[in-house]
Amino acid sequence: MSATTIWFVRHGETDWNAAMRVQGSIDIPLNAVGRDQAQCVARRLRHVDIAAIYCSPLSRTAQTAAPLAQLLGMGVHVESAIAERRYGVFQGLTPEEIARQYPEGYARWQRRETDFAPPGGESMVAFRQRVLDGMTEIASAHPAQSVVVFSHGGDADMVYRLAHGIDLSQQRQWQVPNAGIHQLRVHSDEIHVLAWGLVDHLVSDAVHDELRGIA
């Protein structure tokens, strides 16, 4: 089976990104900056030969995908496997608030214990497997084609780790900015990075990567 080219896009900015709140599975829409970023993404990718567009079930990815889908006259497939990591009781809080309200859980989070799941949430190990399964499923449906996947910062982090064989316990050193574009080649369950962290399509360089060094 031939490899699939995946243009992987993190959603545009939300108010919670700007406030450094953990969003997880809470459905927070784009703010005005994020909506502008979505238009920039559409202009950047409009000339790519795209076979399909995918997004997670959360509205911030659907809103980021919408301008490109409209330009190309295409529908958007919703794929639950590429939703953001579920952070349970941490969701809606800033890191400082998590540290005050859940000090033990915060410590385990910051130690990057791979099997730790916040109450009501998901461990890194489970999340990584879910993302890999989702990416593999999308790729298998589009051999030798190009698709666009609109997803989340946590998913992008896992994609990068899978592509480079980086352990979950290692702190993130790579950027996953809002509305950043990453070009991947996926074959079976192998992911290769062709380009990472493209932001030249955005009007402003002031893009958020709000949890770098924290999550």
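Start with the whole chain and colour it by burial: of the 215 residues in this predicted model, 53% count as buried. Now switch on the surface. The protein exposes about 9200 Å², and carbon and sulfur atoms supply 48% of that area.

Next, choose the cartoon view. You will find 7 helices and 6 strands. Follow them from the N terminus and the order reads β-α-α-β-α-β-α-α-α-β-α-β-β. The radius of gyration is 16 Å, close to the 17 Å that the globule rule gives for 215 residues, so the protein is as compact as a globular protein of that length. Turn the C-alpha trace along its principal axes and it spans about 50 × 40 × 25 Å.

How do distant parts of the sequence meet? Look at contacts with a separation of 6 or more: residues 24 or more positions apart account for 72% of them.

Now select the charged side chains. There are 19 positive and 24 negative ones, and the centres of the two sets lie 2 Å apart.

Finally, zoom in on Thr14. Where does Thr14 lie? Look in the loop between strand E1 (4–10) and helix H1 (15–18). Is Thr14 buried or exposed? Its relative accessible area is 0%, which is under the 20% cut-off, so Thr14 counts as buried.

Keep Thr14 selected and show Asn17 as well. A polar atom of the Thr14 side chain lies 3.0 Å from the backbone nitrogen of Asn17. To end the tour, add the partners that Thr14 touches beyond its neighbours within four places in sequence: Gln23, Ile28, Pro29, Leu30, Asn31 and Arg60.

How values were computed:
Residues are numbered from 1 along each chain as its sequence is written. This is a predicted model: local features need pLDDT of at least 70, side-chain atom pairs count only at pLDDT 80 or more; totals for chains, interfaces and linings use all residues. Side-chain values use heavy atoms; hydrogens and water are left out. Helices (H or I, at least four residues) and strands (E, at least two) are DSSP runs, numbered from the N terminus. The radius of gyration is taken over C-alpha atoms; the globule rule is 2.2 Å times the number of residues to the power 0.38. Buried means under 20% relative accessible area, exposed over 50%, partly exposed in between (1.4 Å probe, protein chains only). Contact means heavy atoms within 4.5 Å. Accessible areas come from the Shrake-Rupley method with a 1.4 Å probe; for residues, only the protein chains shown count as cover. Lys and Arg count as positive and Asp and Glu as negative; His and the chain ends are not counted. The place of a charge is taken as NZ of Lys, CZ of Arg, CG of Asp or CD of Glu. A polar contact is a pair of N or O atoms within 3.5 Å; within protein, one must be able to donate a hydrogen and the other to accept it, and residues adjacent in sequence count only if both atoms are side-chain atoms.
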